[in-house]
Amino acid sequence: GDANDYVGKGLSGGQIVVYPPRASRFDSHRNVIVGNVCLFGATSGEAFIAGIAAERFAVRNSGALAVVEGVGDHGCEYMTGGRVVVLGDVGRNFAAGMSGGLAYVLADGFDALCNRESVDLETVHGEEARWLEQTVQRHAELTGSKHAQNIVERFAELLPKFVKVFPRDYKRVLAENTTESIAENTADEKPADKPAANLVDIEDALVDESLLSDRAGKLDKLRGFAKYARRGDRYRSARKRISDWDEISQRQTKSQLQVQAARCIDCGVPFCQSDRDGCPIGNVIPKWNDLVFRDQWRAAFDRLMATNNFPEFTGRVCPAPCEGACVAGISELPVAIKSIEAAIIDHAWEMGWMRPNPPKRRSPWRVAVVGSGPAGLAAADQLNSVGHQVTVFEREDRVGGLLTYGIPNMKLEKRLVQRRVDKMAAEGIEFITNAHIGVTHPASDLLTFDAILLATGATWPRDLAIEGRSLEGVHFAMEYLTASTKTLLLHKKNGVISALGKRVVVIGGGDTGNDCIGTAVRQGAASVTNFELLPQPPRQRAADNPWPQYPRVYRVDYGHEEVVSRWGKDPRIYSISAKRFLGSEGRLHGIETVRVEWTRDGDRWTMREIEASEEVVEADLVFLAMGFLGPENKVVEELGVRQGARSNVETGEGSYRTNVEKVFAAGDCRRGQSLVVWGINEGRMAAREIDSWLRSGSGGSHLPISGGIIPRTVSAAIKVPA
C-alpha cells in the first residue's frame, strides 16, 4: 500500500520494499506511493519503491541504494553518496548541491529539469550498464512492477536513454585518489557507495539554521576584518582544469561565507558602493553582507536584485572595483564581496527564487533594443518590468553579445547566460537573432517602434598596423574567442581558428588577453607567450594609485597560472613592442620585436626603444588583444545618429538621448570600452530615461536610479584650512 512522508529517514541498513496491493489495476509508475523527504539522511541499506516518490527524495543520502519509478521536485538534493535509480519522470531542480554518489535516470526531458551547477550528465556503458540492468531486475522481482519488468525486457533499446548524474567533485576526488573505477565497484554489486574520504557533505558544511545563528552570535563582527583571514573563491587545480571548459572557480560553503561577511565592518561611509571608485550600479554591499552574516539569504537576494539585474554575471567576470574601494582594504585585505555576491544569486537559483515574473499589465509602447550584451539585456529587463513591449535584436545566432561570445565558457558558462535569457523570454521579452541591423536588416525597420535603444557595444578592435599584418595566422582576439566558443557550443573538435600544436603569441593584456591565453592552453597550444607594451606593475599600490582607486598592481590571473602549470614559466613579457610580422608563402612564422623603456616626466610618460634589443619570437598564431575603438557604424550611420571625436555615440550630458528623435544609446557604444557592470548601469539608466520619455505627461518613470553614494561638490569659495 501507500506510505506517508519520511519513509526510510535515516535508513542505516536493511531493506525497504514498497509496492501497491497485488490486485491494484493502476500503473504503479504513474501514481505517487510514498510522500515527501523519503530516505532523508540515509547512510546504508536498500529501498525499492514501485511508484512515484514525492518531493525531496533521497536528500542528503550518503550511502543507500534506492530504486524508484519517479520523483517530485528537488530529488537527490545535497546527496553525498549511495546510488539512486529513477525509472520515470522527475521534477525540477534534480541534483541541486549533489556532491557525491551517483544517480541513473530514465526520464524524458531530464536535461532541462536537472540542476547542473555541480554535476555532469553522462551515458551508461560497460560493467556499469550490467549492474544497472541487474538492479532494475531485482527491483522488478521484489516489487512485482510491470513497468520495471518492461524496462528489463527492452534494456538494450532503452539503455541509451538512461542518464548518469555524476557530481564533478566526486569525479575529481576519484581521479585524484586513483580509486577503483565505477565499473569495478558496480561489478562487485555493492548496494551503495561510501562518500569519498575528503569530500564534505554540503549540508554538514552548511550546518543547520540554529547552528548558523549560534555561529553568527559568536563571530566578532566588529573586529572581523582584522581577526579573520580573507578568503575569496579559489580556482580549481590548474593542471586539472586545463583539460576541460568547466567553470574555473570553486564556491565557498555558507559557513565560510558567513565568516567573510563578518569581515564587512560598519565603516560609516561605504566606498565600495561609490559609483566613482566602487560599484558603478551602487550595490548596497554592506547591507547584503550583513544579511548573509545573519543567514538571511532571501533578504540578501532581494537587496542584491534591487540594484543588479545580473549578479550571476558580475559575480563571475567583474574585476570587483568594489573590493579595491573597500574601507577594510586600507590596512587589511578587502572583504570578499564578489564571492558573496555570486553565492547569493547561485543560492537563489537553487532555491527556486528566480522564477519568471512577467508584468501584470502591458503598456501600449513598443521598444526596440539593438544589441543583447550587458547594457541591452539590462535595459530590456527594466523596460519589460514596467510593462513595455520589448524586442531585442542580436546580430549573432545566440543572445548574450559579449557575455556569450566574448567571454570563454570556463569563466562564464554559457548555460548560465541561456538560463537568464530563457527567464527573460518567459517574462515576455522577444529576442530576434541573426539580425544585424544595418547589414542584414535595414535600420529603417526599427522606426515603427515607439523608442529605439542602441546598445551595440564597442566592437571595433584596435589594430596593429605593422608590416606583415595580412599574413595568415594574425587575428583579432575577439575573432578567436568567438570562434572558440562557437566550436564548443556546436560540440566540434576543432574550430576555424585552433591553437592545437601552435606557437601562440597574445599581444595585449587585460581580461581579453588573459582569456585568449586560457583558451589557447585548453586547445593544446605548443607554447603561449604574452606581450605587454607597458612595464610590469608594482606588487603594491604606487604613490599615484592611492585607495580607494582600483589597485593597478601585479596579478596572476587564471590564464597565467595555467601556463605556469603547463610549462613552468609565466607567459608575460613586459616592455616589449612588435615591429613586424614575419612569414613565408603568406603564412606567419615569427614576430620581430624590440624592448622598450618608459620614463616619466610629471604626469607624462614617454617610451623609447632600447638599442640592440631586437629579437625574433617564433609564432604560428598571433591574437591582438589591444582594446576597442568604438562601435561599428552601420546602424549608427543609417539612423543619422551623431558620433563624437572618439566615434562613440553622442548624447547630452547626463542623458542617453541622441540627436535623433526617439533614439537612445547606452553601454560601450556610448561611453567606450568598459566593464560589464558599467554596461548594466548604462542599460538601467537608459531604460529609466526611455520610460520617462514614453510616459511624459503621465507622472514620469518609477524605475530606480543608481543606488550609490550621491556625489557631493564643494564650492570653490570654501577654503579648507591647512
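Which residue stands opposite E46 in β3? The residue is Q15, and the pair offers a way into this predicted model, in which local features need pLDDT of at least 70, side-chain atom pairs count only at pLDDT 80 or more, and totals for chains, interfaces and linings use all residues. Residues are numbered from 1 along each chain as its sequence is written, and side-chain values use heavy atoms, with hydrogens and water left out.

Helices (H or I, at least four residues) and strands (E, at least two) are DSSP runs, numbered from the N terminus. Two strands pair if DSSP finds at least two bridges between them. Strand β1 (residues 12-18) pairs with β3 in the parallel sense over five bridges. Strand β5 (residues 62-68) also pairs with β3 in the parallel sense, over four bridges, and there I49 stands opposite V68. Strand β3 itself, residues 44-49, is mostly covered, with five of its six residues buried. Buried means under 20% relative accessible area, exposed over 50%, and partly exposed in between (1.4 Å probe, protein chains only). In the loop between β2 (32-34) and β3 lies L39, a residue other than glycine with a positive phi near 60°. L39 is buried, at a relative accessible area of 1%.

Farther along the chain, an open sheet of five strands has the order β14-β13-β12-β15-β27, with parallel pairing. Its edge strands, each pairing on one side only, are β14 (430-432) and β27 (663-665). From one strand to the next the twist averages 20°. Within this sheet, β12 (residues 366-370) and β15 (residues 451-454) run parallel and are joined by four bridges; A368 stands opposite I452 in β15. Helix α25 (residues 676-694) lies across β12, β15 and β27 and runs at about 165° to β15. Such axes are lines fitted to C-alpha atoms, for helices over the stretch in contact, and angles run from 0 to 180 degrees between N-to-C directions. The loop between β14 and β15 holds N434, which is not a glycine yet has a positive phi of about 55°. N434 counts as partly exposed, at 46% relative accessibility.

Two helices meet elsewhere in the model. The axes of α13 (residues 297-305) and α16 (residues 337-351) come within 9 Å and cross at roughly 110°. That crossing makes α13 roughly perpendicular to α16, where angles under 35 degrees count as roughly parallel, over 145 as roughly antiparallel, 65 to 115 as roughly perpendicular and the rest as oblique. Contact means heavy atoms within 4.5 Å. Helix α13 contributes W297, A300, F301, L304 and M305, while α16 contributes E341, A343, I344, I345, H347 and A348.

Helix α20 (residues 477-489) has 13 residues and reaches 18 Å from its first C-alpha to its last, close to the 18 Å expected at 1.5 Å a residue; the expected span is 1.5 Å times one less than the number of residues. Its buried residues include A477, Y480, L481 and L489. The buried residues of α20 pack against α18 (402-406), α19 (414-426), β17 (474-476), α21 (510-522) and β25 (621-624). After α20 comes H491, whose phi is positive, near 60°.

Most residues other than glycine have a negative phi, and most peptide bonds are trans. The bond from W547 to P548, however, is cis, with omega near 5°. P548 is found in the loop between β19 (527-532) and α22 (558-567).
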